[in-house]
Amino acid sequence: MVARKRWVGLLLALVGAIGPAPGVRASDAPSAEEIMQRFHEAMFYAGRDMKAKVSMRLVNRQGQERGRTMTMLRANASDGRNQKYYIYFHQPADVRGTAFLVWKYPDKDDDRWLHIPAIHLTTRVAAKDRQSSFVGSDFTYEDISGRDVGLDRYELLREESLGDKACYVVESTPKETSVQARKVSWIDKTTFLPLKEESYDPRGRVLKVFTAEEIRPVKGRPTIVRRTMRDVQSDHYTEVVFESVDYDVGLEDGLFAERYLEKPPGKWIH
Amino acid sequence: MRNNMNNGLAGFSLVEWSIRRPKRVVALAVVLTAAFGTQFPKLKTDTNPKNMLPATSDVRMWNDEVDQTFALYEDTIVVGVAREDGVLNPDTLAKIARITDEAGTIPGVAAKDVTSLKNVDNVTAAEGMLKVSPLMAEVPQSQEEVEALKRTIFANPLLIGRLISRDGNTTAVYVPLERGADGKKIADDLRRTVGKLKGPEAYYIAGDPVARDTFGAEMFKLMGLFSPLAGMIMLAAIYLMFRSLSLAFLVMGVAMIAIVWSVGLLIGLGFPIHIMSSMSPVFLMAIATDSIHIFNEFYFRYRERKNKAQAIRETMSAVGRPVRYTALATAAGFAVLLFMHIIPVRVFGGLVAFGTVALRLLSFSLVPAILTFVSEEKMERASRTEDVGADRAARWLRSLGDLGARHPAATVLAGLAALALAVAGATRTVVNNNMVNWFKAGSEVRTADRVMNEALGGTSLAYIVASSHEEDSIKTPEALRYIEGLQRDLEKLPLVGKTTSVVDYVKRINRVLHGDDPRYDTVPDSREEIAQYLFLFGMSAKPADLDNVVDYRFQKANIWIQLKTWDARAMRGVIAAQDAYARASPFPLELKPAGTAYFNLVWNDEVLWDMVKGFGLALVVVFVILVFNFRSFKWAVVGYVPLLFTILLIYGVLGFAGKDFDMPISVLSCLSLGMAVDFAIHFISRLKQRLAEIGHESGRAPDTEVLLEALRWTAARPGKGIMRNAVLFASAFSVMLFAPLTPYVTVGGFIAGMMTLSALMTILYLPALIVLFKGSLFGRAS
């Protein structure tokens, strides 16, 4: 059932991407589900693959910083919604060489591997709750690789402008209770990228705020190259900057294998 | 005695003025009281004993800094769950999960950091799979699952003593509070939460915020209950003494007026009512009973004169001077606290000093004015018994004074012996404070604390922060080994139940990554290894796990120390061990204590020593006032004896009883000062007056017989006033013996003892001393 729904959603999204279906008036807003599907496509599935040099700045309440620099490789499976991620850490210097591999499946737990260079150990790592922190940042795994569309109920609250951009304002409410009770997203009507998101805790207080500071077209695909996630309650934030990003660079599927964790492919990671 | 002496300004007599215009005086008192009363709606309370130290004090600023650096919570409540046959079973674990979830929904609880067996991060490796995840994402159902969980839990030393007792019968849910949350309210909510759960488990709500906020709240409630209760008892006692209800109402009315004035003033000035100032009504009521000396004398005089106005004048003339000086001594004793460091101590001192002055002002205006309204017939009836010869109490007091006067040497020797014993006891006094012990032994708060401390590593939390000047220096093997060494040293202290630091996480990960091989339960040798373990942990566990033990730049490490008692001395031991370690093995990491237990120690030292210093200063000031009052150094020394004696005896008893010198005792000391010296002033002043009245000229020693007779008279007549005052006082405070908080029981018991003691000291010892040193005392006077 779930899988079918997802396919329907995907089809709808594809249809949406092509253009308004015949007979539907252009002024008609798409449904909240369609908006979220298209948001997912634009945000997490852009291109067949992606390569990015990412720098991450974690800033705590006192303004102290921790920096991370990594190369992030992503490939979408040719069929279905599976994705593979390869993350290699360049900085901090004392963890250089630490590498992380994730095989993401939409309907079951991820497979993950980690390489610890100091002891030459590559080990499988148990999957975690996707709402847990991504490498200690304010972003969760879901924020990085997307949250399954079927897990939430959506409602189009209103349409409004954020700055000079027209947005759909969509509220997502999880079907099962979770740390984030609900989330409100401002989604750009033209790019379908989120410009701002506010998530709330079960007591109805703002938990985190996401903002997209800079969006640039990369190979014709609008891409968020600078984004911030702020944990309002602990006054901690993480800024992610894509120093370089490219799509459809031709990452082979074989690259995303355990053995490449210890010997990172020099072609892609330098 | 010159009449205008009583009333300050030469030629103007407040008493005379008041007797002539009684209605105006009453009206004025009513108007003033109403004016001060208008301030009451603005009343603010501050029940948090912590606020005795201002938010800007060094210790609070430092603790705030530490809380910020390590993302810590200032306050955490510990919910204990205990079951005799073990808590690791599906039923109890389900309850723990439920408590964890529900605690997060209570307003004021920092939901994301509520920690229990359900959600604590656990690092394990099984079948080639590294796992950093909440211990119990799902509550185990089958016996096999439970057994597996048990093995996991007991294989992780980080959990033992913190989340599970060694025997597996007790566990804890840690509920951190957001800044400014009311610990008592949240504790009550948690009690309701666990109250809904049925079954064989016992639940305990413990932790500093529970004790502190419960105490603050209870204290205010008790003050609200005991102030009127003490007032009513005094009222009844006065009625029994004087058989006049109007008189009883007069004394208490005057006390009420003084309370309204001083508390009104305090509120008007914008101060919140703090736990210390909340005690001032009872203090002022007690001090108000000093006017008993006026009534005592008035009734004697009225019986002799049968003329009301004349009796009032003569009374005020006779007791005016001692009453004024006792007021001065009391007010000065409390006013000295104004020069102390701790703001609530200053407020308390100022409040009581002002109230004392107000009381005395009323004694010379409102009291005589109202006495003019009392019907002669009633007075006649009441004064019938007031005859020194006929009165049983007076006769007894007379013979008591006589005993001291006739056997001065023996009395003084006996006193010295008692004193020596008292000093021996007093030296055993330990300055200590333990807020949990302010609750009675069987109380919920104390039981919870005891049970949790026995089962787990301890509910009292302290930190030692190790800091370096360089970034990333905590990640070195040397730094970690240094910290580890300190932990092992601290754990040797009997009151330290458990310590936790970043070292424990590193060792844990090292072991887990090496196939759970115990040989790897050590600090790794390379810096990269440590850095990568911490990186791995930081990217897998809850951010708080790592943040709580190292700062953002890996420049500081935070060592958690669980203490088994809230006693200030436990923390003192930790600091001593820390200093000894730093001396024995020098290393470029600076060690500094922090946390709630550290705060309590500083609070204990600062607030308590402030009170002790204030008390010491008050002793000096009171002595100076005595010198001025008696215009003689020697008389001042004699007058000082009952006060010193009483205080030393009290401390002696405290020392032998093994009772700590804590906050309530220090407040009590100040009160003793105000009261015990009063009796001596009354006694000596009246003795001197008596000698003058019966024709003895000052400047030479009186004949022994004349002196003895005067002493007997003083012991019997003003002595009765002293005794009445003491009994009143003691009875009012004895209600506190039934209070549910131990400080009140202590205060109640000791005030009752102290008043009786200082009255007896005055009546027995002053005659003995005066007879013994008669030559010196009278010889060179004037």
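This report walks through selected features of chains A and B in a predicted model.

## Chain A in outline

Let's start with the broad view of chain A. Its secondary structure comes to 4 helices and 13 strands. The chain has 270 residues, and 54% of them count as buried. If we take the contacts in chain A with a separation of 6 or more, 45% of them are between residues 24 or more positions apart.

As for the surface, chain A exposes about 12300 Å². Carbon and sulfur atoms supply 52% of that area.

## Three strands in a row: β1, β2 and β3 of chain A

A good place to look next is strand β2 of chain A, which spans residues 65-76. This strand is mostly covered, with 10 of its 12 residues buried. On one hand, β2(A) is joined by 11 bridges to strand β1 of chain A, residues 49-59. The two run antiparallel, and within this pairing K51(A) stands opposite L73(A) of β2(A). β1(A) and β2(A) form a hairpin, with 5 residues between the strands. In that turn you will find G63(A), which has a positive phi of about 85 degrees.

On the other hand, 8 bridges join β2(A) to strand β3 of chain A, residues 83-91. This pairing is antiparallel too, and M72(A) has I87(A) in β3(A) as its bridge partner. Here again there is a hairpin: 6 residues lie between β2(A) and β3(A). The turn holds G80(A), whose phi is positive at about 75 degrees.

## A salt-bridge network in chain A

Charged side chains deserve a visit as well. Over all chains, the structure holds 64 salt bridges. In chain A, a network of salt bridges links R57(A), E65(A), E214(A), R216(A), R226(A) and E239(A). Two of these residues bring us back to the strands above: R57(A) belongs to the network and its number falls in β1(A), residues 49-59, while E65(A) is also a member and its number falls in β2(A), residues 65-76.

## An open sheet and its helices in chain B

Now to chain B, where 3 strands form an open sheet in the order β5-β2-β6, with antiparallel pairing. The edge strands are β5 (170-177) and β6 (202-206) of chain B, each of which pairs on one side only. From one strand to the next, the twist averages 20 degrees. Strand β2 of chain B, residues 75-82, is joined to β5(B) by 8 bridges. Along this pairing, V79(B) stands opposite V173(B) in β5(B).

Which helix packs on this sheet, with a direction that makes about 5 degrees with that of β5(B)? It is α4 of chain B, residues 90-103, which touches β2, β5 and β6 of chain B. Helix α17 of chain B, residues 444-455, lies across β2, β5 and β6 of chain B as well. Its direction is about 100 degrees to that of β6(B).

## Salt bridges in chain B

Three pairs are worth a closer look. D91(B) and R83(B) meet through their side chains in a salt bridge, at 3.6 Å from N to O. Is each partner buried or partly exposed? R83(B) has a relative accessible area of 13% and is therefore buried, whereas D91(B), at 40%, counts as partly exposed.

The second pair is R481(B) and D525(B), with an N to O distance of 2.7 Å. R481(B) lies in helix α18 (residues 477-491) and D525(B) in the loop between α19 (502-513) and α20 (527-540) of chain B, so this salt bridge ties together parts that are 44 residues apart in sequence. R481(B) is partly exposed at 37% relative accessible area, while D525(B) is exposed at 65%.

In the third pair, D521(B) forms a salt bridge with R511(B), and their closest N and O atoms are 3.4 Å apart. D521(B) sits in the loop between α19 and α20 of chain B and R511(B) in helix α19, so the parts tied together are 10 residues apart in sequence. D521(B) counts as partly exposed, at 29% relative accessibility.

## A nonpolar patch on chain B

We finish at the surface. Y239(B), L240(B), L245(B) and F249(B) form a nonpolar patch there, with about 400 Å² of accessible area together. Helices α7 (208-242) and α8 (245-268) of chain B each supply at least two residues of the patch. Y239(B) has its place in helix α7 of chain B, and with 32% relative accessibility it counts as partly exposed.

Methods: Residues are numbered from 1 along each chain as its sequence is written. Chains are lettered from A and ligands numbered from 1 in the order in which they are written. This is a predicted model: local features need pLDDT of at least 70, side-chain atom pairs count only at pLDDT 80 or more; totals for chains, interfaces and linings use all residues. Side-chain values use heavy atoms; hydrogens and water are left out. Buried means under 20% relative accessible area, exposed over 50%, partly exposed in between (1.4 Å probe, protein chains only). Two strands pair if DSSP finds at least two bridges between them. Axes are lines fitted to C-alpha atoms, for helices over the stretch in contact, and angles run from 0 to 180 degrees between N-to-C directions. Contact means heavy atoms within 4.5 Å. Patches are made of residues with over 30% relative accessible area and no salt bridge: like charges are joined within 9 Å, nonpolar side chains (Val, Leu, Ile, Met, Phe, Trp, Tyr) within 5 Å. Accessible areas come from the Shrake-Rupley method with a 1.4 Å probe; for residues, only the protein chains shown count as cover. A salt bridge is a side-chain nitrogen of Lys or Arg within 4 Å of a carboxyl oxygen of Asp or Glu.
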